[in-house]
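Here are some notes to read alongside the coordinates, set out as numbered points. They begin with a single backbone position and then widen to the chain as a whole.

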Amino acid sequence: MKENIREEEILKIVKEYGEVSRLELAETFGLTSARISKVTKNLLEKKIIIEKSVGESSGGRPPVYLSINNEKFKDILGINLTSNRMLYITLGKINGEIFKKRKIAIDLLSKDEQEDILKVVDDIIGKEISQNPNIGALSIIITGSVDEEKGISVMSPHYSLKTPKVVEYFERKYNLPVLLENDVRAMVLVEKQIGSCKNVKNFVVFNLGEGIGSANCIDKKIYKGHNSMAGEAGHIVINTNSIRKCSCGKRGCLEAESSEMAIIKKITSEIKIGKYSILKDILKEKEFLTIKDILYGVKKRDFLVIQVMTEAMEYIARGLNILISVLDPEKIILVGEIFSSKFLMDTLKFELNKISLDVHSYAIETTKLGEDLYFYSPIAVVVENIFENRYFTQKYTKD
């Protein structure tokens with residue numbers, strides 16, 4: 001029988017179950033009810049947990065269910081810099097409730113603002129805090145490689161940062177606890193907490209936007225790797241004969257071949273050298289094609305678009321097959337506007353079935369959360385860290 005237990009261990013279970021009785025806690029940890037009552041009494045006095053409801057009696061005293069006291073924790077301000085060139089701003093609570101959200105298109109910002117995105121984020125934080133003094137934590141999500149333990153953006157190919165020490169910068173300025181996380185790892189947390197992977201132990205999230213990234217959940221925990229860079233699926237070299245250079249400096253990366261930007265560049269260049277496409281007239285009216293234009297071409301079965309997109313799906317299938325072979329996931333969640341096309345999804349599954357082993361059994365589907373995935377991501381990071389990260393928890397808890 002376990003003799004000692006830390007408060008954090010009990011709090012993790014209360015958080016996970018939502019509501020739990022003292023008897024259930026005693027059974028979970030193999031402790032006496034008296035020992036559990038002693039620890040929970042201390043937590044009740046601190047007002048970190050509350051007695052929320054009373055259950056039905058089975059003959060003795062009815063069980064009293066404990067829950068996290070949401071009022072003990074201040075509001076969360078979340079900033080999400082995504083690979084689709086959107087900045088999502090969220091105000092929410094520790095129980096997952098979101099009470100304010102808005103988004104900003106990065107491309108509508110001035111050139112100076114785009115070159116110093118940290119200042120844009122800083123201005124947003126300053127204004128939100130001035131309007132809501134109850135903000136008690138900042139959660140920042142960004143693309144690229146992130147060392148969340150050090151609070152550093154190691155490499156963000158889609159955004160220009162004046163300093164990689166994001167956590168240190170904002171903690172010093174606002175005297176608030178700050179969390180920093182990679183965008184796709186945050187998506188994994190969202191799918192695990194409120195998405196279609198709540199009861200899935202092993203799964204992969206594959207995100208396709210301006211770039212390509214993935215993140216892996218193994219036995220209900222995010223696998224980050226030795227250098228906190230696990231999941232950089234976009235930088236798997238998929239075409240060794242390619243001349244296309246990736247943002248990382250290599251040639252033939254999956255991101256350089258099959259990301260939204262790569263697809264748009266391929267189709268645009270083919271049209272400009274004389275290849276026929278119904279998108280030619282659209283390109284005459286504006287400087288750049290969009291992914292919506294590409295999906296229109298797919299819907300109309302434009303030969304050039306179908307040719308390029310079939311190749312892109314083949315490369316994506318190769319990348320996914322590597323992840324499947326190494327990780328053996330139960331489920332793969334796809335994120336990206338491209339996957340809204342049934343034709344492209346059917347093509348991807350066909351290409352994947354050609355090369356994957358029959359013994360692998362997995363489900364592959366698109367996220368069901370839509371834009372809520374981006375809005376909820378910063379909240380999900382806080383929910384994951386509370387009671388896990390002692391420094392963050394202590395600073396975030398109200399006095």
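**Notes on the predicted model**

1. Arg85 is buried, since its relative accessible area is 13% and the cut-off for that class is under 20%. The model is a predicted one, and in it Arg85 occupies the loop that links β4 (75-81) to β5 (86-92). Its phi is positive, near 60°, although the residue is not a glycine. Most residues other than glycine have a negative phi, so a reader may wish to look at this position in the display.

2. A second loop residue deserves the same look: Asp328, found between α12 (303-327) and β14 (331-335), also has a positive phi without being a glycine, here near 50°. Is Asp328 buried or partly exposed? With a relative accessibility of 45%, Asp328 counts as partly exposed, because that class lies between the 20% and 50% limits.

3. Helix α11 (residues 291-299) contains Leu295, which counts as buried because its relative accessibility is 17%. Leaving aside residues up to four places away in sequence, Leu295 touches Glu337, Ile338, Ser340, Ser341 and Leu344. The C-alpha atoms of Leu295 and Phe343 are 10.0 Å apart in space, while the two residues are separated by 48 positions in sequence.

4. Which residues of α11 are buried, and what covers them? The buried ones are Ile291, Asp293, Ile294, Leu295, Gly297 and Val298, and their cover includes α9 (260-272), α10 (280-285), α12 and α13 (342-355). The helix is followed by Arg301, whose phi is positive and near 55°.

5. Strand β1, which consists of residues 20-21, holds Ser21. Ser21 counts as buried because its relative accessibility is 4%, and, not counting residues up to four places away in sequence, Ser21 touches Pro63, Val64 and Tyr65.

6. The largest nonpolar core has 54 residues, and the members that touch the most others are Ile10, Leu25, Phe29, Phe73, Val205 and Tyr396. Helix α14 (residues 372-385) supplies the largest share of this core, namely nine residues. There is also a second, separate core of 42 residues, with Ala233, Leu279, Ala317 and Leu344 among them; Leu344 has already appeared as one of the residues touched by Leu295. In soluble globular proteins, nonpolar side chains tend to be buried together.

7. Taken as a whole, the chain has 15 helices and 15 strands, and buried residues make up 54% of its 399 residues. Of the contacts in the chain with a separation of 6 or more, 62% are between residues 24 or more positions apart.

8. On overall dimensions, the radius of gyration is 24 Å, which agrees with the value near 21 Å that a compact globule of 399 residues would have. The C-alpha atoms fill a box of roughly 80 × 55 × 35 Å along the principal axes, and a reviewer may want to keep both descriptions in view.

9. Lastly, the surface and the charges: the chain exposes about 19,700 Å², of which carbon and sulfur atoms supply 50%. There are 59 positive and 56 negative charges, and the mean positions of the two sets are 1 Å apart.

How values were computed
Residues numbered from 1 in each chain as written. Predicted model: local features only at pLDDT ≥ 70, side-chain atom pairs only at ≥ 80, totals over all residues. Heavy atoms only, no water. Core = buried A, V, L, I, M, F, W, Y, C linked by side-chain atoms within 4.5 Å. Buried < 20%, exposed > 50% of the residue type's maximum accessible area, 1.4 Å probe, protein only. Helix = DSSP H or I, 4+ residues; strand = E, 2+ residues; numbered from the N terminus. Rg over C-alpha atoms; globule rule 2.2 N^0.38 Å. Contact = heavy atoms within 4.5 Å. Areas by Shrake-Rupley, 256 points an atom, 1.4 Å probe, with all protein chains shown as cover. Lys, Arg positive; Asp, Glu negative; His and termini not counted. Charge placed at Lys NZ, Arg CZ, Asp CG, Glu CD.
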